[in-house]
Structures are given as structure tokens and as C-alpha cells.
Amino acid sequence: RLLSALRRRCDIAGKRLSGPGLAAEGRVLCAVLYVYHSRLLRHRPYLALQQVEQCLKRLWKMNLVGCLETLVGLIPKRNASKAQAECLVPSQPILETVALKVLGGCKLILRLLDCCCKAFLLSIKHLCSKEFILLNTVASGLLSRLWFVIQYRCVLQTLMSSYSALSTMLQLVSETQKTPYIKGFTFPSVVSDFLGVNVFSEAKKQKAKMLTAKKSTSWMTKFFPAMPEAVSKVGKKRRSETCTSAAKKHSILCPVDIGETVV
């Protein structure tokens with residue numbers, strides 16, 4: 001039962017870390033920093049964005065996803081009929097290595113969230129001062145998306161739950177056959193003791209700060225007024241006509257009905 005729980009939690013944590021959201025936001029962040037590199041070397045929001053990029057790069061370079069996948073591959077799958085049978089268990093050195101990487105990943109993601117919050121507040125502050133409006137608008141949207149991807153995909157929470165399963169398994173394995181690999185470090189039983197903060201309360205504080213700061217940019221509606229209703233209706237009509245003509249052309253080129261709706 002413990003092995004299956006460990007396998008499931010590590011598998012979920014690996015999938016959420018390697019999801020398309022984090023990778024896409026990281027690529028956009030690198031592109032933004034590359035475009036503005038020669039213009040804003042001394043700009044505070046730009047320097048804060050560089051710290052966010054540094055955290056993301058360290059997260060990818062530590063290869064946490066590969067480590068979790070290796071551990072999942074070492075845990076054998078058991079059938080229900082073989083519930084009482086003996087099975088192989090990952091050794092203590094492997095469990096210690098993965099547990100240490102998970103702890104480091106949790107610390108790094110917590111630092112990433114903090115950097116995102118600080119950079120977002122800085123970009124909003126300079127946006128309200130009407131400095132570098134384009135850069136700060138892009139940066140604020142990018143940072144809020146990155147923060148919410150980590151929070152609402154529960155990346156940090158899944159890593160913490162996988163560590164609790166790892167800690168239980170590590171304790172049982174060390175009692176059965178003691179072969180310590182990492183010396184001079186005591187593995188904490190609870191991740192919150194290692195991180196030093198309550199993750200959930202910290203996330204609520206950051207969210208409140210970001211939402212409060214976002215309300216102060218209401219002056220931007222003067223620069224980007226709402227589209228009149230008549231203009232929006234004309235635009236919708238033109239789009240529908242374009243889609244209809246495209247569908248007609250497609251039916252002329254491909255007269256055979258393949259059973260799929262053409263949008």
C-alpha cells in the first residue's frame with residue numbers, strides 16, 4: 001500500500017512539474033528578457049525578472065522530474081492477487097537522494113513564488129508611474145500567470161505530499177536494512193519544518209498583495225477603452241462570414257465528407 005501511494009504521488013508530481021504551463025511561461029520569460037536586455041539593464045522590474053528566470057533555470061537544471069521518473073520506474077507494479085507476496089523496494093541511498101532533491105525543489109519553488117510576487121509588485125508600481133508601459137504590462141501578465149500556474153496546478157503541494165510518502169518509506173527501509181548514503185543531514189519528517197514557513201498562509205498573503213496591486217492600474221482603461229457594441233457586432237459578423245467562406249472553399253477542395261465538423 002505504501003509503495004503504490006509513493007508511486008502515485010511521485011508520478012503526479014513529475015507530471016505537474018513537466019506540464020506545458022511552466023515550460024511555456026519560462027520560454028516567454030526568456031524571450032522578454034532577451035528583447036529588453038540592452039535597454040533596461042538598470043531597471044528594477046527587469047532585474048526582478050532576471051531573478052525569476054534564475055529560479056526557473058535552477059529548477060530545470062536540478063532534473064527533479066527525471067529523478068522522480070527514475071524512482072517511479074524502480075517501484076514494481078503489484079497485482080491485487082499478489083498483495084501478500086514479497087516485492088523489491090528501492091534502496092535507502094536512492095530514497096535519500098530523491099528525498100533531498102524533493103526538499104530542494106520545494107525550497108526553490110517557494111523562492112520562485114516569492115520572486116514572482118516581488119517582481120509583479122515592482123512592475124505594477126512602475127506601471128502606475130507610467131514608466132515603460134509596454135514592458136511592465138507584459139511582465140505583470142506573465143508573472144501573474146506563472147504564479148497562478150504553480151499555485152492552481154498545486155505543484156508545491158504535490159511535491160510536499162510526495163515527500164511525506166518518501167519519508168515514511170525511507171524510515172521503514174532504514175529500519176529493515178540500514179545503509180545510509182547522505183551523512184550529516186537529518187531528514188525532516190514534515191516539509192514545513194524544513195521550509196520554515198506555512199506554505200498555505202504565505203500563498204494567501206501573496207495573492208492578496210497581487211490582487212490589491214492590480215486594482216491600482218484601473219487608469220489603463222483610458223489608454224485601452226472598451227470596444228463599442230456596434231463595432232464588436234460588425235467584427236463578429238465579419239468573422240462569421242470569413243469562416244463560412246473558408247468552409248465553402250474547403251468543401252470545394254475536399255468534396256468527400258470525412259465526418260468531422262469544419263470550424
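Here are a few questions and answers about the helices and the core of this predicted model.

Residues are numbered from 1 along each chain as its sequence is written. Local features need pLDDT of at least 70, side-chain atom pairs count only at pLDDT 80 or more, totals for chains, interfaces and linings use all residues, and side-chain values use heavy atoms, leaving out hydrogens and water.

Q: Which residues of α2 are exposed on the face turned away from its buried side?
A: Let's start with the other face: Leu22, Glu25, Gly26, Leu29, Val32 and Leu33 are buried (under 20% relative accessible area with a 1.4 Å probe, protein chains only; exposed is over 50%, partly exposed in between). They sit on the same side of α2 because they cover an arc of only 125 degrees around the axis, going by directions from the helix axis to the C-beta atoms. Turned away from that buried side are the exposed Pro20, Arg27 and Tyr34.

Q: Which helix gives the most to the largest nonpolar core?
A: That core (buried Ala, Val, Leu, Ile, Met, Phe, Trp, Tyr and Cys joined through side-chain atoms within 4.5 Å) has 68 residues, and Leu17, Val52, Leu68, Val102 and Leu159 touch the most other members. With 19 residues, the top contributor is helix α5 (residues 92-128).

Q: At roughly what angle do the axes of α4 and α5 cross?
A: Contact here means heavy atoms within 4.5 Å, and Leu64, Cys67, Leu68, Leu71 and Leu74 of α4 make it with Ile94, Leu95, Val98, Lys101, Val102 and Gly105 of α5. Axes are lines fitted to C-alpha atoms over the stretch in contact, with angles from 0 to 180 degrees between N-to-C directions. The two axes come within 10 Å and cross at roughly 145 degrees.

Key
Helices (H or I, at least four residues) and strands (E, at least two) are DSSP runs, numbered from the N terminus.
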